[in-house]
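I opened this model to look up its sheet pairing, its helix packing and its backbone exceptions. The entries below follow the order in which I went through them.

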Amino acid sequence: MNTLGHFLDNGLIATLKIIQIATLCGGLTTQKFTIMKRYFTIPFLGLLLMGCSPQHEELVTATEFSVEGKEALVFTTADSTDLRLTRTSKKAFEPTGQPLETEVAIFVNPNKTFQTFIGIGGAITDAAAEVFATLPEDKQAAFLKAYYDPEDGIGYSLARTNIHSCDFSSGSYTYVSDADKALGTFSVEHDQAYRIPLIKKAMAEAGGKLPLYASPWSPPAFMKDNNDMLHGGKLLPEYYESWALYYAKFIKAYESEGIPIWGITVQNEPMATQRWESCIYTAEEERDFLKNYLGPTMEQEGLADKKIIIWDHNRDLINHRVNTILEDPEAEKYVWGVGFHWYESWTGGEQMFVNVGNVQESYPSKKLIFTEGCADSFNPERYQFWPNAERYGQSMINDFNMGTVAWTDWNVLLDETGGPNHVQNFCFAPVHADTQTGELIFTPSYYYIGHFSKFIRPNAKRVSTVTSRSQLLSTSFLNEDGKMVTVVMNRTDAPVTYKLYVGVMAVEETILPHGIQTVVY
């Protein structure tokens, strides 16, 4: 023990009882390493880490992020300009002093990291796939590159799809014949025409890997108390087991097509009675279906590794749903995460980002994933309507800062009518195709999303970031390659000059009115 004490600062041998070597090597985090540096000398830490894997040694190195000698590359998109993800400046970080009250500042602290980033993407729906199929081959290739190529596009790294029909389908359909409770007729043949081919092409463009999760909008009509896939209604108890098996059959059918399924949500918007496919679950009903049927069925079918996401609806009621389900240990054990949408403002009021943060505070072991958002009320004269894009930027920054690990847009592609949609619920997508001319139309929303998805890559860690003035919003992530990415958004009518501080170094930049910037350093 005397030899060991030689390597301890202030003789704090007792701390070894707190930090076990086995635990350390099994998962060294930034927080653990920072605590250890307070009590152990660097030589002793070296001995302690000798048995750890290279992966964990890399984590230690990552805590030493510095901007000394680095330059900041700035990419900009701004209203009333031609700037679209355009590199606009390159500046060196310089030593700086005390920030002033009169300046606008962004403070990034690399020593404080949070959730691990999974990805950003959009939904490959029937509508998107059907529109894609109408495009000439060169436009199909351009579309795929624009979304899924990380170098020449915006690098989507996640996707969502629907389990049989939703409103963004040309009509209602299921994978079974009527009244087939045993699901003996189950087949995804319908999807082989358009949707499955597009998903495969997107996967290939993304480099062969594109995590995909699936959501149901409604069980088949015969399983519901209103005998209708549309207009809400509820799943009849005698079909709970059959409906749970339906998810498993969907997963296996898609995987037999060469499309891995990463996860599922229990029900799209379980509190919304819509004129399209919809199904209502109270919090207790979703909890009980999950713990008694869906969760056990996934295990029995050998699919326990698939992520199960609850809620999948707006931020306003998210906390009640989460509290009800996660306080039941028999339901909680099946839950990977909580999905949410952004449509709560339809009743008036602002976006309830704080509710998402409350979920993270209350249940830190569960993941948060934004599962749907779009600009509704399609109008072809508003393709370039800037507030639609700013809605994306505001939501993404706030959602990530509240602990969200993944963010999924709604349809990746729609036509010149905002469809197809079999109940005329026409909406905007980041990209539209004019099926009459074969042209692609890129909206500002595409570029705003790209300021995140192109630069923040899977497995990045969110880094502590705040702004000193309300004119700006900001978030930061540290990629695995050691590059920091800070996104800055200006929602005002005036340019804003700000200083980006990292420790004792800073770089000064100006962001244009109604602009968004990505700073890479």
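I began with the open sheet that 3 strands form in the order 13-14-15, with mixed pairing, where strands pair if DSSP finds at least two bridges between them. Helices (H or I, at least four residues) and strands (E, at least two) are DSSP runs, numbered from the N terminus. The model is predicted, so I note that local features need pLDDT of at least 70 and side-chain atom pairs count only at pLDDT 80 or more, while totals for chains, interfaces and linings use all residues. Residues are numbered from 1 along each chain as its sequence is written, and side-chain values use heavy atoms, with hydrogens and water left out.

At the edges of this sheet I found strand 13 and strand 15 (439–442), each of which pairs on one side only. Strand 14 and strand 15 pair in the antiparallel sense over 4 bridges, and I located Val431 opposite Phe442 of strand 15. Helix 7 (residues 137–148) lies across strand 14 and strand 15 and runs at about 20° to strand 15; axes here are lines fitted to C-alpha atoms, for helices over the stretch in contact, with angles from 0 to 180 degrees between N-to-C directions.

In the loop between strand 13 (414–415) and strand 14 (431–434) I looked up Pro420, and the peptide bond that leads to Pro420 from Gly419 is cis, with omega near 5°. I kept in mind that most residues other than glycine have a negative phi, and most peptide bonds are trans.

Next I turned to positive phi values. Is Ser80 buried or exposed? Ser80 has a phi of about 60° although it is not a glycine, and it sits in the loop between strand 1 (71–78) and strand 2 (86–92). At 73% relative accessibility Ser80 counts as exposed, the cut-offs being under 20% relative accessible area for buried, over 50% for exposed and partly exposed in between (1.4 Å probe, protein chains only). Glu269 also has a positive phi, near 45°, in the loop between strand 8 (263–265) and helix 10 (283–300), but Glu269 counts as buried because its relative accessibility is 8%.

For helix packing I chose helix 6 (residues 126–134) and helix 8 (residues 195–205), whose axes come within 8 Å and cross at roughly 80°. The two helices are therefore roughly perpendicular to each other, a class that covers 65 to 115 degrees, whereas under 35 is roughly parallel, over 145 roughly antiparallel and the rest oblique. Asp126, Ala128, Ala129 and Phe132 of helix 6 make the contact with Arg195, Leu198 and Lys201 of helix 8, contact meaning heavy atoms within 4.5 Å.

I closed with helix 14 (residues 386–401), whose 16 residues should span 22 Å at 1.5 Å a residue, which agrees with end C-alpha atoms 23 Å apart; the expected span is 1.5 Å times one less than the number of residues. Helix 14 is mostly covered, with 12 of its 16 residues buried, among them Trp386, Tyr392, Met396 and Phe400. Just after helix 14, I noted Gly403 with a positive phi of about 110°.

For the chain as a whole I recorded 15 helices and 21 strands, with buried residues making up 55% of its 521 residues.
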